[in-house]
Amino acid sequence: GADALGGAVNLVASGDRDGGSVGYQLGSFGVHRAAAHASVTPGPFRIAGAAWLDHATNRYPVEVEVADATGALEPATVKRFHDAYTAAGASLELGVVDLPWAERLTLRGFGGGFRREIQNNVVMTVPYGEPVATVGLGGGTLRYAVRPSRMLQIEAFASGSHTRRAFVDLGTCVIDWYGACGRERPEPGEIVPGGVDQVQQDTAIDGRARVRLQPVEAHRIELAVSPSGFTRTGEDRLHDGNGPDALTAR
């Protein structure tokens, strides 16, 4: 992770051990985290599921500059009021393992998403009260592995996912750091004048297949392929119909 901006994540598979766990955490400023997973292998069958929820209200105090009655800026300590974050997801895996024709054949479906409120601009000089970004994701994976003989091993993996991203900025109020509406805006949009209501959808498919032949201990022959595909569509729901909608471009 030396070159990874913001760090790196190391994922270690837990294997096929049966069992489960449930966890719940509480933290400052409205933080709630819950997670659960369970897996069981009755005979050759494999069943596993997991779910998680992450929520933070994020109403913590910050130091900002607030305009007084004359319009002059003065330091003030206020609580954030539009900075909540909620994410959730779940997955279910079904399949068979340790059979003569399949060391593993599993199908896994998953779904989830998050919702994030946007409180202020990058340098934290302008507060917002309504902009929201959301993401929804769903998809599945298929895994297959078999070893027909000591010399031959076959592995295959396929996945597909669909992601929907949305950003909405249609606030009509000029919000102060206390969450009050000082006056109405001449047009909607706290971040972008005129407002934003955009949707973007991505569909991705990926696959990997590998055949390994090892006739003798010192020599091995492998054939591997990894096809992939990606499409993106979008819509500017505030587009007035004059000219093309840039988000619909191929």
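# Exercises on a predicted model

The second largest pocket holds about 170 Å³ of space. The model is predicted, and every exercise below refers to it.

## Exercise 1. The second largest pocket

Task: find which residues line the second largest pocket, which elements give two or more of them, and how the lining divides by residue type.

Solution.

Step 1. List the lining. The residues are Arg-104, Arg-143, Tyr-144, Ala-145, Glu-155, Ala-156, Phe-157, Arg-208, Ala-209 and Arg-210.

Step 2. Assign the elements. Two or more lining residues come from each of β8 (132-146), β9 (152-169) and β12 (196-216).

Step 3. Sort by type. Five residues of the lining are nonpolar and five are charged. No polar residue takes part in the lining.

## Exercise 2. One lining residue, Arg-208

Task: place Arg-208 in its element, class its exposure and list its contacts beyond four places in sequence.

Solution.

Step 1. Locate the residue. Arg-208 belongs to strand β12.

Step 2. Class the exposure. The relative accessible area of Arg-208 is 49%, so the residue is partly exposed. The exposed class needs over 50%.

Step 3. Find the contacts. Outside its sequence neighbours within four places, Arg-208 touches Glu-155, Ala-156, Phe-157, Val-225 and Ser-226. Glu-155, Ala-156 and Phe-157 also line the second largest pocket.

Step 4. Check a distance. Arg-208 and Glu-103 are 105 residues apart along the chain, and 17 Å separates their C-alpha atoms.

## Exercise 3. A residue of β8, Thr-141

Task: decide whether Thr-141 is buried or exposed, and name its contacts beyond four places in sequence.

Solution.

Step 1. Locate the residue. Thr-141 sits in strand β8.

Step 2. Apply the cut-off. Buried means under 20% relative accessible area. Thr-141 has 13% relative accessibility and therefore counts as buried.

Step 3. List the contacts. With neighbours within four places left aside, Thr-141 meets Thr-106, Leu-107, Arg-108, Phe-110, Phe-157, Ala-158 and Ser-159. Of these, Phe-157 is also in the lining of the second largest pocket.

## Exercise 4. The largest nonpolar core

Task: name the residues of the largest nonpolar core, find the element with the largest share, and describe the surroundings of Val-78 and Val-64.

Solution.

Step 1. List the members. The core has six residues: Val-62, Val-64, Val-66, Ala-76, Val-78 and Trp-177.

Step 2. Trace them to strands. At least two core residues come from each of β4 (61-67) and β5. β4 gives the largest share, three residues.

Step 3. Take Val-78. Val-78 lies in strand β5 (residues 73-79). Val-78 counts as buried because its relative accessibility is 4%. Beyond four places in sequence, Val-78 touches Tyr-60, Pro-61, Val-62, Val-64, Trp-177 and Tyr-178.

Step 4. Take Val-64. Beyond four places in sequence, Val-64 contacts Glu-74, Pro-75, Ala-76, Val-78, Met-124 and Trp-177.

Step 5. Set the general pattern beside this. In soluble globular proteins, nonpolar side chains tend to be buried together.

Step 6. Check a distance. The C-alpha atoms of Val-78 and Gly-136 are 32 Å apart, with their positions 58 residues apart along the chain.

## Exercise 5. The disulfide

Task: identify the disulfide, give its handedness and class the exposure of each cysteine.

Solution.

Step 1. Count and identify. The structure has one disulfide. This link joins Cys-173 to Cys-181, with S to S at 2.1 Å.

Step 2. Read the torsion. The angle about the S-S bond is -85 degrees, and the link is left-handed.

Step 3. Class both ends. Cys-173 is buried, at 13% relative accessibility. Cys-181 is partly exposed, at 38%.

## Exercise 6. Positive phi in two loops

Task: place Asn-58 and Met-124 in their loops, then give the phi and exposure of each.

Solution.

Step 1. Take Asn-58. Asn-58 is in the loop between β3 (45-56) and β4. Its phi is positive, about 60 degrees, although Asn-58 is not a glycine. Asn-58 is buried, at 17% relative accessible area.

Step 2. Take Met-124. Met-124 is in the loop between β7 (102-117) and β8. Phi of Met-124 is also positive, near 55 degrees. Met-124 is partly exposed, at 29%.

Step 3. Link back to the core. Met-124 is among the contacts of Val-64, and Val-64 is a core residue.

How values were computed. Residues are numbered from 1 along each chain as its sequence is written. This is a predicted model: local features need pLDDT of at least 70, side-chain atom pairs count only at pLDDT 80 or more; totals for chains, interfaces and linings use all residues. Side-chain values use heavy atoms; hydrogens and water are left out. On a 1 Å grid over the protein atoms alone, a cavity is a set of points where a 1.4 Å probe fits but cannot get out, and a pocket is an open set with protein on both sides within 12 Å along at least five of seven lines; lining residues have an atom within 4 Å of a point. Grid points are joined across faces, edges and corners, and a volume is the space filled by probe spheres set on the points. Ala, Val, Leu, Ile, Met, Phe, Trp, Tyr, Cys and Pro count as nonpolar, Asp, Glu, Lys and Arg as charged, and the others, Gly among them, as polar. Buried means under 20% relative accessible area, exposed over 50%, partly exposed in between (1.4 Å probe, protein chains only). Contact means heavy atoms within 4.5 Å. A nonpolar core is a set of buried Ala, Val, Leu, Ile, Met, Phe, Trp, Tyr and Cys residues joined through side-chain atoms within 4.5 Å. A disulfide is a pair of cysteine sulfur atoms within 2.5 Å.
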